Amino acid sequence: MVKLLWSVIICAKEFQPSIILIDDIETIFSGVKTKKKEVNSIAPRMKKIIADLKKNKLWSKSDRVAVIACTNKPYDAALKESKKLFDKKIYFPFPNYASRKELAKSLIESKVGKQIIDFPYETLAHVTEGFTAGSVHLLLFSSNNACKKS
């Protein structure tokens, strides 16, 4: 995993402008410790590499490489260490009721080709509270595929 990260950094530096996306950053920064051992042994080395990225040890300021990290647990206490390494934090909240209702309408219209008048969009918006837009999309299309199979 560490070699892969190094390869990505070298490629990003070589093929500028580049963006490095690290998804689920909490897996690196939330190493659970038990009796002086970390469960995730790769985590300390990856933390060091990411810290070196922040300090510009691996490339110069003139290099056009951006590092973006994503997490599903932005308020996790174990992520305090990771918060120091990134300049900006952008929070994307879950869609509200009205947004989920409009999202469901537009997804169903795009799939069916027309608006279904009697469809309970309000119920769908209420049931999908806490869902992301991608989760609503997956829910609608996976249930559509299940109907086709039966």
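Hi everyone, this is a short walk through one protein model, from its overall layout down to one aromatic pair.

Please keep in mind that we are looking at a predicted model. Its mean pLDDT is 76, and 77% of the residues reach 70 or more. Where is confidence lowest, and where is it highest? The low point is strand β2, residues 33–34, with a mean of 50, and the high point is helix α6, residues 121–127, at 89. There is also a stretch at residues 146–150 where pLDDT falls below 50, and beyond near neighbours in sequence that stretch has one contact in the model.

Now the layout. The protein has seven helices and four strands. Reading from the N terminus, the order is α-β-α-β-β-α-β-α-α-α-α. If you take the contacts with a separation of 6 or more, 65% of them join residues 24 or more positions apart. Of the 150 residues, 25% count as buried. The accessible surface is about 11000 Å², and carbon and sulfur atoms hold 59% of that.

Let me zoom in on helix α5, residues 97–112. Does its length come out as expected or not? With 16 residues at 1.5 Å a residue, the helix should span 22 Å, and the end C-alpha atoms are indeed 22 Å apart, so the two values agree. Which residues of α5 are buried? They are Arg100, Ala104, Lys105, Leu107 and Ile108. Right after α5 comes glycine 113, with a positive phi near 100°.

Hold on to Lys105 for a moment, as this brings us to the rings. How many aromatic pairs does a search of the whole structure find? The search turns up one. Its partners are phenylalanine 119 and tyrosine 121, at 5.0 Å centre to centre with 55° between the planes, which makes the pair tilted. For the geometry-minded, the edge-to-face label needs planes over 60 degrees apart.

The two partners differ in how much surface they show. Phenylalanine 119 is partly exposed, at a relative accessible area of 28%, while tyrosine 121 counts as buried because its relative accessibility is 3%, and the cut-off for buried is under 20%.

Tyrosine 121 has another neighbour too. The charged end of lysine 105 sits over the tyrosine 121 ring, 5.6 Å from the ring centre. So lysine 105, one of the buried residues of α5, and phenylalanine 119, from the aromatic pair, both have a place in the picture around tyrosine 121.

That's my tour, thanks for listening!

Technical notes. Residues are numbered from 1 along each chain as its sequence is written. This is a predicted model: local features need pLDDT of at least 70, side-chain atom pairs count only at pLDDT 80 or more; totals for chains, interfaces and linings use all residues. Side-chain values use heavy atoms; hydrogens and water are left out. pLDDT is the predictor's confidence in each residue, from 0 to 100. Helices (H or I, at least four residues) and strands (E, at least two) are DSSP runs, numbered from the N terminus. Contact means heavy atoms within 4.5 Å. Rings of Phe, Tyr and Trp (its six-membered ring) pair if their centres lie within 6.5 Å; planes under 30 degrees apart count as stacked, over 60 as edge-to-face and the rest as tilted. Buried means under 20% relative accessible area, exposed over 50%, partly exposed in between (1.4 Å probe, protein chains only). A charge sits over a ring if NZ of Lys or CZ of Arg is within 6 Å of the ring centre and within 35 degrees of the ring normal. The expected span of a helix is 1.5 Å times one less than its number of residues. Accessible areas come from the Shrake-Rupley method with a 1.4 Å probe; for residues, only the protein chains shown count as cover.
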